[in-house]
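Hello,

Here is the structure I promised to pass on to you. Please have it open while you read, and my notes on it follow below.

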Amino acid sequence: MARSSRRTFLGQLSAAAAAIPGFGALGWGAAAAPAGTAWQGAPSDTTFDLLIAGGRVIDPGQNLSAVRDVAIRHGRVARIGENIPPDQARQVFDATGKIVTPGLIDLHSHVYEHGTPLGVPSDLVGIQSGVTTIVDAGTTGASMFPGFRRFVIDGARTRIYALLNLSTAGCCTDEIYLDPRLINTRAARRVIEAHRDLILGLKVRVRGRREDLAHDVATLTTARELADEAGLPVMMHWSTEPDLLALLRAGDILTHPFNPPTERSSNVFGSQLTQADTVLPQILELADRGIFTDGQLATTHHQWQVSEKATNQGWFPDAISTDVARTPDRTPASVLLPMSQFLHLGLSLEQVIERVTTNPAKMLDYPETVGSLEPGSTADVAVLELEQGRFTFGDGSRPEPQTRDLSQQFVNVATLKGGVFVKGGIGV
Ligand SMILES: [Zn+2]
């Protein structure tokens, strides 16, 4: 199914849901406008449900970074302006001194908690951290996705979408799931069709080593055919092998650019044996080819030495995500952690926010508007602060992590999903 027809299909589904009496009241944000209906602008009553007043509103999609008020009505952003009179709103949240952004998007997480060893609690790294949209990047394959949906996605308060792993078994520990016998394209096709509302792409793991090239090309070719047939993009585990990169197309995503160089992984400078002084030309070319990159700094896929060398040369990934991030005390970390680290590496506040809102919103075909505060958008909002201090973070280097001291870190104060506070709020 082409992407355009996929959207039409979803619109029909939403319209059908809106036609069922009481259906809209079941979800979060009972005050939200009926799904599937176009936002009609201001109704005759000029009262807003909520005013988020006086914060520094950063929405890179609107080129906005200034003190503004955000007015919300019927679960959607109704207006952004200066000095909107508080008496026009039923409730006012004072965001003075805070940063107000679209609800954050974590483009690459693993949230099948209890279902896989990798899984972290979705709402902890989600709405509790200002993240209203999580994309689970290939934790599950065709045989596991229905359980993931039933036991995690359906009950989560955070919006969770998924990239389906090409391997039926999803991504397990070790590399067993790279076995070609675990690729079943018929099963994958069936699951994609049955869960079009949640599956936004395919995830494929390649080994990325030259000696495994034949295996990797065969795997990626299968993924390419399946993705093209389904009208979905591919997210591929990192490799700098030109034969593999040639199989990627505009709209695809390459992830894990800052791997510690080992015999099992490469990074933007190549493999362990071939580390170049500058970011490889085939990586620099990706942007011109319309291929996105996604980067993590708080996981086994990060080495400070690598990220510093790349960012000093001006190379940054398009999206910032967690993968499986951990705080120094080993608790699951949200995307706020790599956001703080990228701020440390030299991105501006606006550039950091862009990589967890506007950019990841462009990278997949979400069924609703995410990552934006444009009037008419679903009112997913994060209220953040920058805490000052000394914060030490390690990386994935073995046997000992390299550490760096940061002088500030992002903290989430409140989160709204569909115009409703799901963390913090008035009187809290
Ligand atoms: Zn991952």
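Before anything else, one definition: two strands are said to pair here if DSSP finds at least two bridges between them. With that in hand, look at the C-terminal end of this predicted model. Strand β15 pairs with β16 (residues 420-423) in the antiparallel sense, over three bridges, and T415 stands opposite K423 in β16. The two strands form a hairpin with two residues between them. In the turn, G418 has a positive phi of about 55°.

Now for the overall picture. The protein has 428 residues, of which 50% count as buried, and its chain folds into 11 helices and 16 strands. Among contacts with a separation of 6 or more, 70% are between residues 24 or more positions apart.

The sheet to find next is an open one of eight strands. Its order is β6-β7-β8-β9-β10-β11-β12-β13, and the pairing is parallel. At the edges are β6 (104-109) and β13 (319-320), each of which pairs on one side only. Helix α5 (residues 213-230) packs on this sheet, where it touches β9 (199-204) and β10 (234-237). The direction of α5 makes about 170° with that of β9. Back at the β13 edge, β12 (residues 292-295) and β13 pair in the parallel sense over two bridges, and D294 has A319 of β13 as its bridge partner.

Next, the interior. In soluble globular proteins, nonpolar side chains tend to be buried together. The largest nonpolar core here has 110 residues, and those with the most contacts inside it are I52, V70, V135, A162, L164 and L202. Strand β1 (residues 48-59) gives the largest share of this core, seven residues. If you would like one residue to click on, try L202: beyond its neighbours within four places in sequence, its contacts include L163, L164, A223, L226 and V234.

Helix α8 (residues 304-312) is worth a look too. Which of its residues are buried? They are W304, V306, S307 and A310. These four lie on the same side of α8, because they cover an arc of only 165° around the axis. The partner they pack against is β15 (404-417), the strand of the hairpin described above. Just after α8, G314 takes a positive phi of about 85°.

Finally, a few backbone details. Most residues other than glycine have a negative phi, and most peptide bonds are trans. Two histidines go against the first of these habits: H74 has a positive phi of about 55°, and H114 has one of about 70°. You will find H74 in the loop between β2 (64-73) and β3 (76-81), while H114 sits in the loop between β6 and α2 (122-125). Are they buried or exposed? H74 is partly exposed, with 18 other C-beta atoms within 10 Å. H114 counts as exposed, with 9 C-beta neighbours inside 10 Å. As for the peptide bonds, a cis one joins R398 and P399, with omega at about -5°. P399 belongs to the loop between β14 (381-393) and β15.

Happy browsing, and best wishes!

Note on methods
Residues numbered from 1 in each chain as written. Predicted model: local features only at pLDDT ≥ 70, side-chain atom pairs only at ≥ 80, totals over all residues. Buried ≥ 20, exposed ≤ 12 C-beta atoms within 10 Å, placed from the backbone. Arc of directions from axis to C-beta. Contact = placed C-beta atoms within 7 Å. Axes fitted to C-alpha atoms, helices over the stretch in contact; angles between N-to-C directions. Core = buried A, V, L, I, M, F, W, Y, C linked by C-beta atoms within 7 Å.
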